[in-house]
Amino acid sequence: MSPNIVLLVTAGILIAAGIYLMLERSLTRILVGVVMTSNGVNMLFLVASGPAKEAPIIDLVPAGDMSDSLPQAMVLTAIVITLGTAAFMLTVAYRSFQLNGHDEAQDDVEDNRIIRLAEADEASQSYDESEEGAVPDEDDGPDDGGVPGVVQDSEAAREARRVDDEAADDEAADDEVADDEMTDDEMTDEGTGVAKSEAEQEERT
């Protein structure tokens, strides 16, 4: 049995054209590409099933003259799946045209931001610089408290955190001193005001 060359070439052309259209940004072209690719694959199934024979009806057609019904069932299932996919893509394309005035597939916003950061050689805001110097702790002895599989901070990271903590403590202490000084000044102002008011009352009397 030799396959039909015309059907094979036609299926190849349909699949190639469908893949080319699916690489476009327009959802309408993508839809046409999906339908063409599906038709090309269905044609390959029919070519692989062999030449056309009689209907597979027992007691009416000899076993050698029956056609293989499995490829036909697979093609029928593929047609139903393609119909559902086409309906979904038509809905998405129509909704995109309503919102944006076109049916082109847009790039993801987060992907574009990451690409721009990579091109500018900058780090993302979610990147933690303290993890850059972290090294895995392979020693799980009781002295250093290491746990297998847990990443421990390096000496540089711990020193940086210690400096930050000390700076925060110094700022808190400075704030407390400033608050105390403000309280003393307020008390002095209040005492001076009371003394002035008493002196004025004495002068009046």
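This is a quick tour of one protein model, from its overall layout to its charged residues.

Keep in mind that the model is predicted.

Layout to start. The protein has five helices and two strands. Along the sequence, the order runs α-α-α-α-β-β-α. So much for the order of elements; now burial and contacts.

The protein has 205 residues, and 15% of them are buried. About 15,900 Å² of the protein is exposed. Carbon and sulfur atoms supply 57% of that area. On contacts, take those with a separation of 6 or more. Residues 24 or more positions apart account for 45% of them.

Now salt bridges. How many does a search of the whole structure find? One salt bridge. Arg29 pairs with Glu24, and their closest N and O atoms are 3.7 Å apart. How covered are the two partners? Arg29 has a relative accessible area of 46%, so it counts as partly exposed. Glu24 is also partly exposed, because its relative accessibility is 25% and the buried class stops under 20%.

Next, the acidic side of the story. Which residues form the negative surface patch? There are four to note early in the list: Asp164, Asp165, Asp169 and Asp170 are among them. Glu171, Asp174, Asp175 and Glu176 belong to the patch as well.

Let's look at Glu176 on its own. Where does Glu176 sit? In helix H5, which covers residues 155–204. Is Glu176 buried or exposed? Exposed: its relative accessibility is 52%, and the exposed class needs over 50%.

That brings us back to the two charged features: the Arg29 and Glu24 salt bridge, and the negative patch that includes Glu176.

Note on methods:
Residues numbered from 1 in each chain as written. Predicted model: local features only at pLDDT ≥ 70, side-chain atom pairs only at ≥ 80, totals over all residues. Heavy atoms only, no water. Patch = residues over 30% accessible without salt bridge, like charges linked within 9 Å, V, L, I, M, F, W, Y side chains within 5 Å. Areas by Shrake-Rupley, 256 points an atom, 1.4 Å probe, with all protein chains shown as cover. Salt bridge = Lys/Arg side-chain N within 4 Å of Asp/Glu carboxyl O. Lys, Arg positive; Asp, Glu negative; His and termini not counted. Charge placed at Lys NZ, Arg CZ, Asp CG, Glu CD. Helix = DSSP H or I, 4+ residues; strand = E, 2+ residues; numbered from the N terminus. Buried < 20%, exposed > 50% of the residue type's maximum accessible area, 1.4 Å probe, protein only. Contact = heavy atoms within 4.5 Å.
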